[in-house]
Amino acid sequence: MTDVYVISGFLGAGKTTLIKTMVRSALRNKKIVVIENDFGEAGIDAGLLKECSLAVTGLSDGCICCSLAGDFEKAMERILKDYAPDAVLVEPSGVGRLSDIIKICLKQEDRGLIHLKKTITVVDIRSFDKYRKNYGEFFEDQIAYADLILLSRQEEDVHEIQPVKAKLRKLNPEARIEADFWESIPASVFRYGPRNSGIFRLEMETAVSMKPVRIRSPREPSGKTGFIRRHFAREVFSSVTIEWKEPITEEPLRKRILRVVKHAEGEILRGKGIVTDGRRGLVFHYLPGSLSIEPVNIVGNQVCFIGTGLDEQQIRTLFREETT
C-alpha cells in the first residue's frame, strides 16, 4: 500500500522547500510522486518541484478541500495505477483546511488504496500571530490536525521560537514540534510516530461533504437561527494570475512586484512566479516584508498574487505598467 504524506502550511510557510528536503533525506531512494495544489490558476510550485526531477501532478484554479475534491481522488487513482510509487506527497493550497484533506485521504484509505502516513504542518514563526488573528479558521485547523509541526525561518527570529512553540502546544497538545533545521531532523521523525487523535475522530464521521455545511449552534451570527456558517477558502481569499511572456531582468521584475504590493487594494499575502530574463528562468517569492528573486534552471511565464480584497484588473494594470 502506498504511503501518503500531507504537507500543510499557510501561504508561504515553506511547504515546497520541505518537500525538496524530504526527498533528499527522509525519503531518499524512494519512488516519489507529488500532488501539488496551487491556489489560483498558476502551477508555479509544481514547476519548481519538477526542477528536482520529481513526477508532479498539478491541481490548480481551486482548492482540494473545496472544488477540486473529485479531481484529487481521480489524480490519486491515476498515480497509483501509472507510477506505483512508494510514497505520494500531497501539498495542498496554503489556504486549505488540513482536516478536509485528511477526510478525502481517509476515504481512499478505507478502500485499501493508500495509507495516510503522516500529516505535517509548516509554521512560519514570523507571521504566526498575524495569521492566527486574521485567518484563524484556516490557520488553526492546519495546526490542530498535524502529527508533526515544523517551524520555518526560525533563524530570523530565534527569540520567538519558544513563545511560538508554547502557543502551538495549546492548539495541538499531541503533535511533535521540531524547531531544528530540517536537514538535521532524523528520517524516523518523518516516517514514524503516533497518529493525531483528531484524525481518529475524523475517521468516525460518516458523512464527508465538500459543500458548505451548516453546524448547529446556540448562536445565530449569520441570519439563520441556530446555525453558523462554515467558510471556504474561495470566499475569503482570491488570486490573480498574470501571463508574462516577455523577457524581464531582475531589477525591473522587483520594481513591478513592489509596485503591486504598495498600491494594490486589499492585502497581498503571497506572491510567486517564474519568468525568463532571456537566458534563464527567474523565480520570485513574496511574503509581507520579504521579497526574493533567484535564477533557476527552468523557465516559465506566470506571476501570481494571493490575498484578500484584491482587485484583479488593478493588479494586472499595476504589474504591466512600464517601470522607470
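Which backbone oxygen lies 2.7 Å from a polar atom of the side chain of Arg256? In this structure, which is a predicted model, that oxygen belongs to Phe319. Arg256 itself is found in helix 10, the helix that covers residues 250-263, and Arg256 counts as buried because its relative accessibility is 5%, below the limit of 20% that is used for that term.

From there the reader may turn to helix 5, which takes in residues 128-144. A straight helix of 17 residues, at 1.5 Å a residue, would span 24 Å, whereas the end C-alpha atoms of helix 5 are separated by only 14 Å. Along the way, helix 5 bends by about 120°, and the residue at which this bend is found is Tyr135. Tyr135 is also one of the buried residues of helix 5, a list that includes Phe128, Tyr131, Gly136, Phe138 and Phe139, together with Asp141, Gln142 and Ile143.

Several of these aromatic residues appear again when ring pairs are considered, and a search of the whole structure finds nine aromatic pairs. One of them is formed by Phe10 and Tyr131, whose rings are tilted, with 4.7 Å from centre to centre and 50° between the planes. This pair links distant parts of the chain, since Phe10 sits in the loop between strand 1 (2-9) and helix 1 (15-24), while Tyr131 belongs to helix 5, 121 residues apart. Phe10 counts as buried because its relative accessibility is 2%, and Tyr131, with a relative accessible area of 3%, is therefore buried as well.

Tyr131 also forms an aromatic pair with Phe139, and here the arrangement is edge-to-face, with 6.4 Å centre to centre and 70° between the planes. Both Tyr131 and Phe139 are buried. Taken together, ring pairs link Phe10 and Tyr131 with Phe128, Tyr135 and Phe139 into a cluster, so that Tyr135, the residue at which helix 5 bends, is a member of that cluster.

A last stop is the pairing of strand 12, residues 281-287, with strand 13, residues 290-296, two strands that run antiparallel and are joined by seven bridges. Within this pairing, Phe284 stands opposite Ile293, which lies in strand 13. The two strands form a hairpin, with two residues between strand 12 and strand 13, and in the turn Gly289 has a positive phi of about 85°.

Definitions and conventions: Residues are numbered from 1 along each chain as its sequence is written. This is a predicted model: local features need pLDDT of at least 70, side-chain atom pairs count only at pLDDT 80 or more; totals for chains, interfaces and linings use all residues. Side-chain values use heavy atoms; hydrogens and water are left out. Helices (H or I, at least four residues) and strands (E, at least two) are DSSP runs, numbered from the N terminus. The expected span of a helix is 1.5 Å times one less than its number of residues. The bend at a residue is the angle between axes fitted to the seven residues ending there and the seven starting there. Buried means under 20% relative accessible area, exposed over 50%, partly exposed in between (1.4 Å probe, protein chains only). Rings of Phe, Tyr and Trp (its six-membered ring) pair if their centres lie within 6.5 Å; planes under 30 degrees apart count as stacked, over 60 as edge-to-face and the rest as tilted. A polar contact is a pair of N or O atoms within 3.5 Å; within protein, one must be able to donate a hydrogen and the other to accept it, and residues adjacent in sequence count only if both atoms are side-chain atoms. Two strands pair if DSSP finds at least two bridges between them.
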